[in-house]
Amino acid sequence: MTAQQWTLALVVASFALYIGIAIRSRASTTKEFYVAGTGVSPLANGMATAADWMSAASFLGMAGLISFMGYDGSVYLMGWTGGYVLLALLLAPYLRKFGAFTVPDFVGDRYYSQTARIVAVVCAIFISFTYVAGQMRGVGIVFGRFLEVDIDVGVYIGMAVVFFYAVLGGMKGITYTQVAQYCVLIFAYLVPAIFLSIMVTGNPIPQLGLGGVDLASGTPLLERLNGLNTELGFTEYTSGTKSMLDVFFITTALMVGTAGLPHVIIRFYTVPRVRDARVSVGWALVFIALLYTTAPAIAVFARTNLINSISETPYSEVPEWFTTWEDTGLLRFEDLNGDGRIQFVGPNSPMENELTVDNDIIVLANPEIAELPNWVIGLVAAGGLAAALSTAAGLLLVVSSAVSHDLLKRSLMPEISERGELLAARLAAAAAVLFAGYLGTHPPGYVAQVVAFAFGLAASSFFPIIILGIFSRRTTREGAILGMISGIALTGAYIVWFTLMHPELSNTDNWWFGISPQGIGTVGMLLNFAVTMTVSRFTPEPPEHVQRMVDSIRVPRSVA
Amino acid sequence: MPEDTTARHKEYWRRNIRYVGMLLAVWFLVSFGFGILLVEPLNSVNLPGTAYPLGFWFAQQGAIYVFVVLIFVYVKLMNGLDQEFGVSEEDGA
């Protein structure tokens with residue numbers, strides 16, 4: 001079978017599996033639609049969270065980013081995993097005890113204010129749409145490359161599948177399809193990584209291979225890559241170029257943003273008890289770590305391979321995969337000095353760089369670069385789709401529940417019936433899918449970067465006020481509202497200024513204290529904390545019933 | 001007796017905060033400490049038995065392993081605390 005036949009077969013089989021699961025797990029009540037009836041086992045929820053969390057950016061983009069950033073790529077590795085420690089210790093168990101359906105639910109009740117609820121709804125919808133755009137583009141890219149359909153057509157196919165299980169099954173359908181999607185995506189990620197690790201280092205475990213010896217040169221792999229990088233005028237792989245302060249701020253923004261992302265938080269509403277919520281975060285991180293500790297290994301294997309196979313190679317002798325990827329525009333070669341050879345060099349080299357490599361290629365092209373069997377290529381395609389679809393579904397659920405539950409049921413139409421609310425939830429999910437599709441066919445920026453900005457916004461809006469809502473009884477509605485608004489305004493303005501309005505000014509000389517737009521979420525979060533705490537001090541303390549609620553969410557079971 | 005319950009819940013909460021504080025200190029040390037602030041001095045040695053520069057290892061591998069362990073330690077500590085204070089959900093609500 002050819003690679004394309006394998007891809008088609010595996011993609012169709014995996015889609016059939018997701019749809020089959022969706023039909024078996026339809027939601028018939030709003031509780032099932034929003035939180036899967038709180039009957040999900042901690043282990044299954046851990047897997048679903050991992051799939052929910054790991055997006056097209058993690059699966060397709062991250063290894064590539066790290067490959068080009070070297071040590072600087074650590075911001076993603078630590079940032080996108082460290083947030084789970086915060087989630088486990090500071091958020092998940094308490095929010096489970098509170099037992100609501102959505103994040104704005106908690107914000108609205110804890111801060112006894114419809115205004116707070118509405119601000120939270122707006123933040124949740126905005127964050128989720130920012131994030132979902134990247135997922136839909138990821139779906140399009142995979143279809144476009146592997147099945148040679150138009151990228152837009154790929155987006156429509158993805159929409160149809162998500163539509164099916166998100167609208168029909170709500171959280172219940174999403175949860176069980178996400179479990180299946182995790183299995184598909186992790187298998188698809190690990191198989192090529194293991195092959196590559198054996199090829200480059202002789203060790204079948206990529207995590208160990210990374211710290212091993214490069215078989216071709218007989219020197220330690222990282223030392224070998226540092227040598228190659230220096231020779232070609234790049235910075236040493238293990239050193240990086242970002243300032244320490246910026247690395248610190250970006251890592252913080254990503255960690256805190258992770259813990260503040262609504263689609264991640266609501267996953268912990270779906271388990272039966274507080275103790276299940278705690279252990280479930282642990283399982284989620286185990287499943288995530290499996291991919292996240294493999295990614296830096298892939299990054300190094302792929303970079304070493306890339307340099308070895310194309311640097312100074314005459315263009316007439318390039319391997320076949322090189323020309324296939326050139327056709328997609330993700331790989332570009334321009335023979336600037338007319339010597340017919342490929343110069344792939346960094347900024348410190350006297351020569352001019354002639355090769356542009358898109359981040360997403362590293363994972364997508366790995367099987368071909370490593371000359372793996374055709375079925376592995378199909379597997380990677382199915383895995384990329386699983387990663388993108390599972391995250392998109394989780395995000396769309398946040399949007400739909402924010403509209404039907406927080407906006408309609410809890411604000412505008414409190415009299416709405418159970419059936420009416422469920423119908424509204426399905427309609428909102430359907431509308432959200434359509435809008436996500438529009439964003440996917442008119443994509444802003446590239447996958448990983450857009451996603452990184454969603455984190456800044458989550459970090460500067462939800463994280464501080466949820467933490468304070470649990471850990472400080474004295475925090476008031478005035479404090480929380482002003483805190484959220486100031487945090488998101490500062491972060492949003494800084495990002496819009498430097499990435500949309502004046503991208504030409506976006507460099508260390510103009511950034512505040514050298515903090516990049518990716519790291520500004522940390523400043524927004526600190527501002528939110530400061531504003532919320534200061535205003536709370538000067539406003540009347542929260543009513544008695546709210547203070548009692550805070551006491552009750554702090555213990556798993558009240559002693560009668 | 002509500003007075004007693006309140007006092008016990010306060011003590012439970014105080015112990016919880018202490019555990020969280022300790023675990024977060026380790027969380028900060030392995031990621032921001034070893035992986036960022038001290039990365040350069042640590043890179044001058046390798047993780048024993050491998051070719052990993054130590055700081056780089058913490059930033060791209062080690063911190064993640066420690067994060068996983070921290071959450072399971074927290075689960076164990078809190079389940080014990082729930083038992084000790086009679087607020088565990090295991091005996092049913």
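Trainee: Which residues of α16(A) are buried?
Mentor: This is a predicted model, so let's take its helix α16 (residues 361-369) of chain A and go by neighbour counts, where 20 or more other C-beta atoms within 10 Å make a residue buried. Nine of the nine residues pass, so the helix is largely enclosed by the rest of the structure. The names you want are A:I361, A:I362, A:V363, A:L364, A:A365, A:N366, A:P367, A:E368 and A:I369.

Trainee: And what phi does A:E371 take, just after α16(A)?
Mentor: Most residues other than glycine have a negative phi. A:E371, just after α16(A), goes the other way, with a positive phi of about 55°.

Trainee: Where is A:A36, and is it buried or exposed?
Mentor: Look in the loop between α2 (30-35) and α3 (42-53) of chain A. A:A36 has a positive phi of about 50° although it is not a glycine. It has 26 C-beta neighbours inside 10 Å, and the cut-off is 20 or more, so A:A36 counts as buried.

Trainee: What about A:E312, buried or exposed?
Mentor: A:E312 also has a positive phi, about 65°, and it is not a glycine either. Its place is the loop between α14 (295-310) and α15 (320-328) of chain A. With 12 other C-beta atoms within 10 Å, and 12 or fewer being the cut-off, A:E312 is exposed.

Trainee: On to α17(A): what length does the helix reach from its first C-alpha to its last?
Mentor: Helix α17 (residues 374-412) of chain A has 39 residues, and at 1.5 Å a residue you'd expect 57 Å. The model comes close to that, and the helix reaches 54 Å.

Trainee: Where does α17(A) bend?
Mentor: The helix is mostly covered, with 33 of its 39 residues buried. Its axis turns by about 30°, and the place is A:A402.

Trainee: How do α7(A) and α17(A) run relative to each other, roughly parallel or roughly antiparallel?
Mentor: Helix α7 (residues 114-146) of chain A packs against α17(A) with the axes 8 Å apart, at an angle of about 155°. Angles over 145 degrees count as roughly antiparallel, so that is what α7(A) is to α17(A). The crossing of the two is left-handed. So the answer for the pair is roughly antiparallel.

Trainee: What separates the C-alpha atoms of A:R117 and A:F106?
Mentor: A:R117 sits in helix α7 of chain A and counts as buried, with 23 C-beta neighbours inside 10 Å. A:F106 is 11 residues away along the chain, and the C-alpha atoms are separated by 8.3 Å.

Trainee: Then how many Å lie between A:E354 and A:M255, C-alpha to C-alpha?
Mentor: Find A:E354 in the loop between β1 (331-333) and β2 (355-357) of chain A. With 18 C-beta neighbours inside 10 Å, A:E354 counts as partly exposed. A:M255 is 99 residues apart from it in sequence, and in space the two are 36 Å apart.

Trainee: Which helix of chain B has the highest confidence?
Mentor: The model as a whole scores ipTM 0.94 and pTM 0.92. Chain B averages a pLDDT of 90, and 94% of its residues score at least 70. Confidence in chain B is lowest in helix α2 (residues 39-43), at a mean of 90, and highest, at 95, in helix α3 (residues 54-84) of chain B.

Technical notes. Residues numbered from 1 in each chain as written. Chains lettered and ligands numbered in written order. Predicted model: local features only at pLDDT ≥ 70, side-chain atom pairs only at ≥ 80, totals over all residues. pLDDT = per-residue confidence, 0-100. Helix = DSSP H or I, 4+ residues; strand = E, 2+ residues; numbered from the N terminus. Expected span 1.5 Å × (residues − 1). Bend = angle between axes of the 7 residues up to and from the residue. Axes fitted to C-alpha atoms, helices over the stretch in contact; angles between N-to-C directions. Parallel < 35°, antiparallel > 145°, perpendicular 65-115°, else oblique. Left-handed = near helix turned anticlockwise from the far one by under 90°.
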